[in-house]
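Here is a friendly briefing on the empty spaces inside a protein model and on how some of its helices pack. Have the structure open as you read.

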Amino acid sequence: MSEAPLREVRRVVYRPLREGNALEDTVARLVQTIRLGVVAPAESLPPERELAALYGVSRDTVREAIRELADTGFLVRRRGRYGGTFVADPLPQPPPPGVVPVAELEDVLGLRRVVEAGAAREAAARTLDPEIRAQLWERHEAATGASPADYRRLDTLLHLTIAEIAGIPSLVEIAADNRARVNAWLDTFPLLPRNIEHSNAQHETIVTAILAGRPEAAEAATLEHLAGSEALLRGFLT
């Protein structure tokens, strides 16, 4: 499925940077783009010139940020007619984070509950046109049929699609930033097959409630779904 419908998510990850630490901020934004799966492993980033314009920084800054991420194994640069900058496939595996402070974990997970449950509720309260309804169901099906290597990326895109169709643009930025932090933790421990099966069933409940226009049911199903991943994060990280 094309990633094009995620217009607000793309706007968020490619928005202009704040003045200050241009190099560090460019590196961080590129890592966020990779963590969220907006550009999949083996896919190419936009050209340097385009990234510089989107971020509001110089091409030299973009080039240096790409060089830093290539040196650490996140990006691969290729020359020639079909060259460009590509996300590494596979991505380097992050080291275990050790014990995450409980206060930090609870802050991130608490925000996630507010943002994602609220997004599901708002999405279900809207009248969605047929194209958006079809895209949401396709996101769910893509996650359900994903290989283990691609599951977390497609799971992330489903959640961000729900945030986007809630119709509150500033919500997407908060959801994307929060999800990137959660994904950095999720990536440090293995996928559990039974958990994936359960997660996919919960996704279907959430998506069905949104498409049926049932805000309370969509919110409740999302909170139940998030509670499962919260339990795993607490178990692995604290």
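The notes below go through the cavities, the largest pocket and two helix contacts.

This is a predicted model. It holds two cavities of 30 Å³ or more, and its largest pocket takes in about 530 Å³ of space. The helix α7 (148-165) is a good one to follow, as it is among the helices that line the largest cavity and gives the most residues to the lining of the largest pocket.

**The largest cavity**

- The largest cavity contains about 260 Å³ of space.
- Its lining is made up of 20 residues, and those nearest the centre are Asp155, Leu186, Asn195, Ser199 and Ser229.
- Four helices each contribute at least two lining residues: α7, α8 (169-186), α9 (193-211) and α10 (215-237).
- The largest share comes from α9, which supplies five residues.
- By class, the lining of this cavity has eight nonpolar, eight polar and four charged residues.

**The second largest cavity**

- About 60 Å³ of space is found in the second largest cavity.
- Around this cavity you will find Glu116, Ala119, Ala120, His159, Ile162, Ala163, Ile206 and Thr222.
- Two elements, α5 (102-125) and α7, give two or more residues to that lining.
- The lining of the second largest cavity divides into five nonpolar, two polar and one charged residues.

**The largest pocket**

- The largest pocket is lined by 24 residues, with Leu91, Gln93, Ala149, Arg152 and Asp187 lying nearest its centre.
- Both α2 (22-35) and α7 supply at least two residues of the pocket lining, and the contribution of α7 is six residues.
- Sorted by class, the pocket lining comprises 14 nonpolar, four polar and six charged residues.

**How α7 packs against α8**

- The axes of α7 and α8 come within 10 Å and cross at roughly 160 degrees, so the two helices are roughly antiparallel to each other.
- The crossing of α7 with α8 is right-handed.
- On the α7 side, the contact involves Arg152, Asp155, Thr156, His159, Leu160, Ala163 and Glu164, while α8 brings Leu171, Val172, Ala175, Ala176, Arg179, Asn183 and Leu186.
- The residues of this contact are seven nonpolar, three polar and four charged.
- Two residues of this contact, Asp155 in α7 and Leu186 in α8, are also among those nearest the centre of the largest cavity.

**How α7 packs against α9**

- α7 and α9 pack at about 20 degrees, and their axes are 12 Å apart; the pair is therefore roughly parallel.
- This crossing is left-handed.
- From α7, the residues Tyr151, Asp155, Leu158, His159, Ile162 and Ile165 meet Ile196, Ser199, Asn200, His203, Ile206, Val207 and Ile210 of α9.
- The contact of α7 with α9 comprises eight nonpolar, four polar and one charged residues.
- Asp155 and Ser199 take part in this contact, and both are among the residues nearest the centre of the largest cavity.
- His159, Ile162 and Ile206 also belong to this contact, and these residues help line the second largest cavity.

Conventions:
Residues numbered from 1 in each chain as written. Predicted model: local features only at pLDDT ≥ 70, side-chain atom pairs only at ≥ 80, totals over all residues. Heavy atoms only, no water. 1 Å grid on protein atoms, 1.4 Å probe; cavity = no way out; pocket = protein on both sides within 12 Å on 5 of 7 lines; lining within 4 Å. Points joined across faces, edges and corners; volume = space filled by probe spheres on them. Nonpolar A, V, L, I, M, F, W, Y, C, P; charged D, E, K, R; others polar. Axes fitted to C-alpha atoms, helices over the stretch in contact; angles between N-to-C directions. Parallel < 35°, antiparallel > 145°, perpendicular 65-115°, else oblique. Left-handed = near helix turned anticlockwise from the far one by under 90°. Contact = heavy atoms within 4.5 Å.
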